[in-house]
Amino acid sequence: MKLLVIGTGYVGLVTGACLSDMGHQVICLDIDAEKIAALKQGIVPIYEPGLEEIVQRNIAAGRLTFTTDYNLSVQNSKVCFIAVPTPSKEDGSCDLSYVLQAARSIAESMVEPLVIVTKSTVPVGTAQKIRQTVEETTKISFDVVSNPEFLKEGAAVADCMKPDRIILGVESNHAASVMKEIYSAFTINHDRILIMDTASAEMTKYVANAMLATRISFMNEMAGLCEKLGANIQQVRIGIGSDQRIGYHFLYAGAGYGGSCFPKDIRALQAMARETNYDAPLLQAIDTINERQKKLLAKKMITHFGSISKKTIAIWGLTFKPDTDDLREAPALKLIEELLHLGAHVRLYDPIAMQKAQKLLSHPNITWCRDEYDAAQGSDAVALVTEWKQFRFVNLETIAKSMQGKAFFDGRNQYKKDEMKAKGFHYFGIGI
């Protein structure tokens with residue numbers, strides 16, 4: 001089928017590439033001419049494992065093309081996916097301006113009936129706003145579908161190719177039939193498609209992310225209580241995770257969550273609750289706990305050192321999670337900001353995001369390092385903030401010898417407390 005994907009960020013580019021890999025003819029459109037020029041050459045602007053290979057393969061096969069031209073792309077497509085940014089406004093509500101502008105541009109270019117699909121995370125009622133926007137511009141018939149994405153950065157390609165479920169919020173049998181045809185290759189083993197109304201589909205994405213964020217914040221709150229009571233959150237996690245009603249996923253205590261989804265979606269849900277005069281204290285608590293958790297490592301350092309002015313702190317990992325170059329709302333950035341404010345020197349290293357981080361961070365007390373060993377050199381403390389795989393089996397004896405101090409702040413509980421102490425470190429985990 002001939003498909004158009006508007007937006008070439010994480011969601012749009014992964015969606016377009018994977019749809020083309022399943023045999024569809026896909027056009028990816030973006031208003032950023034420089035990005036499109038690079039993509040035409042197979043240069044992918046984001047780091048996502050496996051994505052570059054899929055993009056290059058399908059460009060070569062002629063199934064994936066890139067453009068900035070709305071008229072050309074809309075008129076050569078049967079289905080238009082909207083996958084543009086939906087950033088937060090100052091009050092936390094979702095900014096739909098990019099979504100509605102995309103809908104307006106589709107309407108201006110339409111010459112025959114289309115199915116318009118939202119992949120972007122949008123609040124309840126957006127499908128109706130899209131319908132109204134398009135109807136103001138054209139008399140040509142169309143369908144609107146809500147098809148939220150559930151892609152984890154770092155595993156987005158796998159999530160797209162082998163989805164847990166495909167949510168389709170539809171208004172007609174025709175739209176449902178078209179969408180089922182598009183996703184037929186993704187559901188060969190068993191039917192993963194769930195059909196519902198558009199409002200429920202829009203809400204499903206927010207509630208899914210809120211549930212996961214809730215589990216993280218709950219475990220972080222319990223980790224703090226464990227420290228007060230002398231319990232170990234790692235052992236508690238195993239104890240509760242063995243209950244089939246709970247399970248082990250998203251039960252890790254740590255330095256807080258970040259990224260483009262959880263923080264933004266929790267705030268958007270809060271905004272929706274305010275708009276409908278619905279009291280939702282749990283949503284506020286989730287966000288409050290997470291913001292507090294991002295400050296925890298700095299607090300532990302102050303408790304240990306007394307003052308961290310002129311101390312040198314090595315930071316391992318800058319992205320909000322491993323296997324991505326995404327720095328949005330990353331806990332490491334909050335930690336770095338606090339350390340610099342208190343007069344510390346920081347030595348920074350991330351396996352993927354160094355160039356992006358250098359564009360965001362500029363300070364005379366920052367040293368950019370070539371690897372985790374270089375970062376630890378001469379430092380008073382190491383803080384592991386992002387659990388990249390290469391940090392799991394570093395030579396800790398070499399690290400200890402190269403450091404000026406021996407403090408180690410493990411923001412992801414990656415190491416074992418007793419083993420770290422045996423190697424001479426003053427070890428500080430989360431909730432242990």
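**Stop 1: strand 12**

Select residues 381-384, which make up strand 12, and look at the two faces of the strand. Are they buried or exposed? A381 and A383 on one side are buried, and so are V382 and L384 on the other, so both faces are covered. Keep in mind as you travel that this is a predicted model.

**Stop 2: the neighbours of strand 12**

Now add residues 312-316, strand 9. Strand 9 and strand 12 run parallel and are joined by four bridges. To see where they line up, show W316 and L384: the two residues stand opposite each other.

Next, select residues 407-410 for strand 13. Strand 13 also pairs with strand 12 in the parallel sense, again over four bridges. Here, look for A381, with A407 of strand 13 opposite.

How does the chain get from strand 12 to strand 13? Colour helix 17 (residues 396-402) and follow the path: strand 12, helix 17 and strand 13 form a right-handed β-α-β unit.

**Stop 3: the whole sheet**

Zoom out a little. Which strands make up this sheet, and in what order? There are six, arranged 11-10-9-12-13-14, in an open sheet with parallel pairing. At the edges you will find strand 11 (366-368) and strand 14 (426-428), each of which pairs on one side only. On average, neighbouring strands in this sheet are turned by 20 degrees against each other, ignoring direction.

Move to the strand 14 edge. Three bridges pair strand 13 with strand 14 in the parallel sense. Select A407 once more: its bridge partner in strand 14 is H426. Then show helix 13 (residues 296-305), which packs on the sheet and touches strand 9, strand 12, strand 13 and strand 14. The direction of helix 13 makes about 160 degrees with that of strand 13.

**Stop 4: salt bridges**

Switch on side chains. How many salt bridges are there in the model? The count comes to 25. Let's visit three of them.

Start with K205 and E149, whose side chains meet in a salt bridge at 2.7 Å, N to O. K205 sits in helix 9 (residues 198-229), while E149 is in the loop between strand 6 (142-146) and helix 7 (156-161), so this pair ties together parts that are 56 residues apart in sequence. Both K205 and E149 are buried.

Now select D287 and R267. Their closest N and O atoms are 3.7 Å apart, and they form a salt bridge. Because D287 belongs to helix 12 (residues 281-294) and R267 to helix 11 (residues 262-275), the pair ties together parts that are 20 residues apart in sequence. D287 has 11% relative accessibility, so this residue counts as buried.

For the third, return to the region of the sheet's strands and show R412 and E387. Their side chains meet in a salt bridge of 3.6 Å, N to O. This pair links distant parts of the chain, 25 residues apart: R412 is in the loop between strand 13 and helix 18 (417-422), and E387 is in the loop between strand 12 and helix 17. Are the two partners buried or exposed? R412 is buried, with a relative accessible area of 19%, just inside the cut-off of under 20%. E387, at 29% relative accessibility, counts as partly exposed.

Finally, select R267, D287, E291, K294, E329 and K334 together: salt bridges that share partners join them into one network.

Key
Residues numbered from 1 in each chain as written. Predicted model: local features only at pLDDT ≥ 70, side-chain atom pairs only at ≥ 80, totals over all residues. Heavy atoms only, no water. Buried < 20%, exposed > 50% of the residue type's maximum accessible area, 1.4 Å probe, protein only. Pairing = 2+ DSSP bridges. Right-handed = clockwise from strand over helix to strand, strands pointing away. Salt bridge = Lys/Arg side-chain N within 4 Å of Asp/Glu carboxyl O. Axes fitted to C-alpha atoms, helices over the stretch in contact; angles between N-to-C directions. Contact = heavy atoms within 4.5 Å.
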